[in-house]
Amino acid sequence: MQKILYPTILSLAMTAGLPAGAEPLFEQIKVDAGQALFNGECRRCHATDSSDPSYGPPLENVLGRAAGSVPDYPYSVALEASGIVWTEAALRAWIEDNDGFMPGTKMRHVGITDRTVQDFILAYLGSITTRDGSEIAK
Ligand code: HEC
């Protein structure tokens, strides 16, 4: 339900245009929608707080982080040796087709191709990145 509802509300808001001063509210709506999507699609394998145990690497501060850099996490060779940085573009390619983007990764296939849904998840990942005030790489 949320998957269909949020993109619809957001595309309506985008088409209608935003009144002055609505930007922060709009951003918050995107983050909230992204959190709901993250909880549905990613949370079962990924903690957002590095002190929580999870099957996949924790994703706090992932935006702008070097791939495969959480200490002691047993990454695949493919991910560890990739040499990439998790920019918005790289994260978008990853959630669209992670094993196509990086053959050999051990993360099970995720195929989120809807750009609006990607935007929401990126907004949420961006919000958990800035929790400690670190800089965001675009
Ligand atoms: C079934 C479990 C599972 C699901 C669902 C999942 N992941 Fe992953 N994810 C993993 C595993 C395992 C890895 C480590 C992959 C490797 O080492 O090749 C990973 C790695 C990652 C990384 C690389 C992190 C780093 O430290 O380099 C990112 C980013 C990521 N996942 C994002 C997501 C997002 C966003 C979603 C939801 C759209 C998602 N994942 C869904 C299991 C999962």
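**Helices, loops and the ligand shell in a predicted model**

In helix H2, the residues Lys30, Ala33, Gly34 and Leu37 are buried. These residues lie on the same side of H2, because the arc that they cover around the axis is only 105°. An α-helix has 3.6 residues a turn, so residues three or four places apart point the same way. The other side of H2 carries exposed residues, namely Pro24, Leu25 and Gln28. H2 is made of 19 residues. From its first C-alpha to its last, H2 reaches 26 Å, which is close to the 27 Å expected at 1.5 Å a residue.

The model is predicted. Its chain holds 138 residues, of which 20% are buried. The secondary structure consists of five helices and zero strands, and the order of elements from the N terminus on is α-α-α-α-α. Among contacts between residues at least 6 apart in sequence, 54% join residues at least 24 apart.

Confidence varies along the chain. The mean pLDDT is 87, and 80% of the residues reach 70 or more. The lowest confidence is found in helix H1, residues 2–16, with a mean of 61. The highest is found in H4, with a mean of 97. Where pLDDT is low, the predicted coordinates should not be read in detail.

Helix H5 spans residues 115–129. H5 has 15 residues, and the distance from its first C-alpha to its last is 21 Å, close to the 21 Å expected at 1.5 Å a residue. Its buried residues are Gln118, Phe120, Ile121, Ala123, Tyr124, Leu125, Gly126, Ile128 and Thr129.

The loop between H4 and H5 contains threonine 113. Threonine 113 counts as exposed because it has 9 C-beta neighbours inside 10 Å, where 12 or fewer is the limit for that class. Threonine 113 and arginine 92 are 21 residues apart along the chain, and their C-alpha atoms are separated by 8.9 Å.

The loop between helix H2 (23–41) and helix H3 (77–80) contains asparagine 61. Aspartate 72 has its place in the loop between H2 and H3 as well. Most residues other than glycine have a negative phi, and most peptide bonds are trans. Asparagine 61, although not a glycine, has a positive phi of about 65°. Aspartate 72 is likewise not a glycine, and its phi is positive, at about 70°. The surroundings of the two residues are described by opposite classes. Asparagine 61 counts as buried because 20 C-beta neighbours lie inside 10 Å, and the class begins at 20. Aspartate 72 counts as exposed because it has 5 such neighbours inside 10 Å.

Proline 58 is also placed in the loop between H2 and H3. With 18 C-beta neighbours inside 10 Å, proline 58 is therefore classed as partly exposed. The C-alpha atoms of proline 58 and arginine 43 are 9.7 Å apart in space, while the two residues are 15 apart in sequence. When neighbours within four places in sequence are left aside, proline 58 is in contact with His46, Ala47, Thr48, Asp49, Ser50, Asp52 and Val70.

Isoleucine 84 is found in the loop between H3 and H4. Isoleucine 84 has 14 C-beta neighbours inside 10 Å and so counts as partly exposed. Its C-alpha atom is separated by 6.1 Å from that of alanine 66, and the two residues are 18 apart along the chain. Apart from neighbours within four places in sequence, the contacts of isoleucine 84 are with Ala67 and Ala90.

The ligand is surrounded by 28 residues. The closest of these are Cys42, Cys45, Gly56, Ser76 and Met107. By class, the shell comprises 19 nonpolar, five polar and four charged residues. H3 and helix H4 (88–101) each supply at least two residues of this shell. H4 gives the most, with three residues.

Methods
Residues numbered from 1 in each chain as written. Predicted model: local features only at pLDDT ≥ 70, side-chain atom pairs only at ≥ 80, totals over all residues. Helix = DSSP H or I, 4+ residues; strand = E, 2+ residues; numbered from the N terminus. Near = placed C-beta within 6 Å. Nonpolar A, V, L, I, M, F, W, Y, C, P; charged D, E, K, R; others polar. Expected span 1.5 Å × (residues − 1). Arc of directions from axis to C-beta. pLDDT = per-residue confidence, 0-100. Contact = placed C-beta atoms within 7 Å.
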